[in-house]
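Here's a set of exercises to work through with the model open. Try each task before you read the solution under it.

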Amino acid sequence: MTDIERGQVAASAADVYEEFFVPALFGQFAGRVCDAARLAPRERVVDVACGTGVIARIAQERVGDGGVVIGVDLNEAMLTTAARVTPTVDWRRAPAEDLPLGDDSVDAALSQFGLMFFEDRHAALAELHRVVRPGGRVVVATWCELSRSPGYAEMTELLRDELGDEAARSLEQPYVLGDPDEVTDLLRGAGLRDVEVREEPGTARFESLRAWLHTDIRGWTLAETVSDEVFDRLSAAARARLAGFVGTGGEVEFDAPALLATATAG
């Protein structure tokens, strides 16, 4: 898989991701993922593909001082930012397909918007199942299909026209698991029980069109490949192409729904 397909970002992008992507898009789902996992005080929880730690931070609040939260990610830059923001979580660098945890060692395994980037989704979900105790919970979030997020559907076409197909794939990749039936089959294929997948409403919000473009380019996999000159060209094209998503005060807002899957370890 390429870095785009694996969602790998540079150090500068990880900081932008935390500062802009988390409040604009990811943060709104974190509490819902933890709610779905029914986290309780003193439990042990692993957040797989934790990124900069938005899920792990809330999980730590839920399990309290007597609990343990482990954040696992393959991307060192994401973990560096996560550790700076929340040093009290146990951050570990590892692929989802080979988690650094023992069998039946946690009460819940969570993964928000990571499954679509795993090299082997079946192996990764089998690992989540392996590390969760019998009767424990597994919760996975993925984005709905790209067409359900109109702003990103249009942004993808803008990147395709201006930068080519590979750049467009950087925004298409997060949406490749938007079919509820496919997500259900993946979890059941890992031996998980009581699988339920439901759609969760979401909204992408950016303070301006330029902030939106800055977040998608500087906070994601294209961060080191788009020069300032090219970014300015994109900004000019975006003002015409994406004007329909800009409100009267200059803010940007559009639908961004997700799928939330819950399951029980056998």
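A crossing is left-handed if the near helix is turned anticlockwise from the far one by less than a right angle, and right-handed if clockwise. Keep that at hand for the first two exercises, and bear in mind that this is a predicted model.

**Exercise 1. Work out how α6 and α9 are oriented to each other, and which residues make the contact.**

Step 1: get the geometry. The two axes come within 12 Å and cross at roughly 65°.

Step 2: classify the angle. Angles of 65 to 115 degrees count as roughly perpendicular, and α6 and α9 are therefore roughly perpendicular to each other.

Step 3: settle the hand. Looking at α6 and α9, you should call the crossing right-handed.

Step 4: list the residues. From α6 come G151, Y152, M155 and L159, while α9 supplies W212, L213, D216 and I217. Sorted by class, that contact of α6 with α9 has six nonpolar residues, one polar and one charged.

**Exercise 2. Do the same for α6 and α10: find the angle, the orientation and the residues that meet.**

Step 1: α6 covers residues 150–163 and α10 residues 228–241. Their axes lie 11 Å apart, and the packing angle is about 130°.

Step 2: an angle over 145 degrees would count as roughly antiparallel, and 65 to 115 as roughly perpendicular. α6 and α10 are therefore oblique to each other.

Step 3: the hand here is right-handed as α6 passes α10.

Step 4: on the α6 side, the residues are E154, E157, L158, L159, D161, E162 and L163. They meet V230, R233, L234, A237, A238 and R241 of α10. By class, the contact of α6 with α10 has seven nonpolar residues, six charged and no polar ones.

**Exercise 3. Go ring hunting: how many aromatic pairs are there in the whole structure, and how are the rings of F29 and W143 arranged?**

Step 1: searching the whole structure turns up 16 aromatic pairs.

Step 2: take F29 and W143. Their ring centres are 5.5 Å apart and the planes sit at 85°, so this pair is edge-to-face.

Step 3: place both residues. F29 belongs to helix α2 (residues 11–36) and W143 to strand β5 (residues 132–143), so the pair ties together parts that are 114 residues apart in sequence. Both F29 and W143 are buried.

Step 4: now try W212 and F254. Here the centres are 5.0 Å apart and the planes at 45°, so the pair is tilted. W212 is in helix α9 (residues 209–218) and F254 in strand β8 (residues 252–255), which puts this link between distant parts of the chain at 42 residues. W212 and F254 are both buried.

Step 5: zoom out. One aromatic cluster takes in F29, W143, W212 and F254, and its other members include Y17, Y152 and F206.

**Exercise 4. Is T203 buried or exposed, and which residues does T203 contact?**

Step 1: find T203 in strand β7 (residues 203–206).

Step 2: the cut-off for buried is under 20% relative accessible area. T203 comes out at 17%, so T203 is buried.

Step 3: skip the neighbours within four places in sequence, and T203 is in contact with A24, Q28, E253, F254 and A256.

**Exercise 5. Describe the setting of I70, then look at how well helix α3 is covered.**

Step 1: I70 sits in strand β2 (residues 68–73). With a relative accessible area of 0%, I70 is buried.

Step 2: not counting residues up to four places away in sequence, I70 touches R44, V45, V46, D47, V89, D90, R92 and L101.

Step 3: hop over to A56. I70 and A56 are 14 residues apart in sequence, and their C-alpha atoms are 7.4 Å apart.

Step 4: A56 is one of the buried residues of α3. Helix α3 (residues 54–63) is mostly covered, with seven of its ten residues buried. Right after α3 comes G64, with a positive phi near 75°.

**Exercise 6. Where do R38 and D194 lie, given that each has a positive phi without being a glycine?**

Step 1: R38 has phi near 50°, and its place is the loop between α2 and β1. R38 is exposed, at a relative accessible area of 55%.

Step 2: D194 has a phi of about 55°, and D194 lies in strand β6 (residues 193–200).

Note on methods:
Residues numbered from 1 in each chain as written. Predicted model: local features only at pLDDT ≥ 70, side-chain atom pairs only at ≥ 80, totals over all residues. Heavy atoms only, no water. Phe/Tyr/Trp six-rings, centres within 6.5 Å; stacked < 30°, edge-to-face > 60°. Helix = DSSP H or I, 4+ residues; strand = E, 2+ residues; numbered from the N terminus. Buried < 20%, exposed > 50% of the residue type's maximum accessible area, 1.4 Å probe, protein only. Axes fitted to C-alpha atoms, helices over the stretch in contact; angles between N-to-C directions. Parallel < 35°, antiparallel > 145°, perpendicular 65-115°, else oblique. Contact = heavy atoms within 4.5 Å. Nonpolar A, V, L, I, M, F, W, Y, C, P; charged D, E, K, R; others polar.
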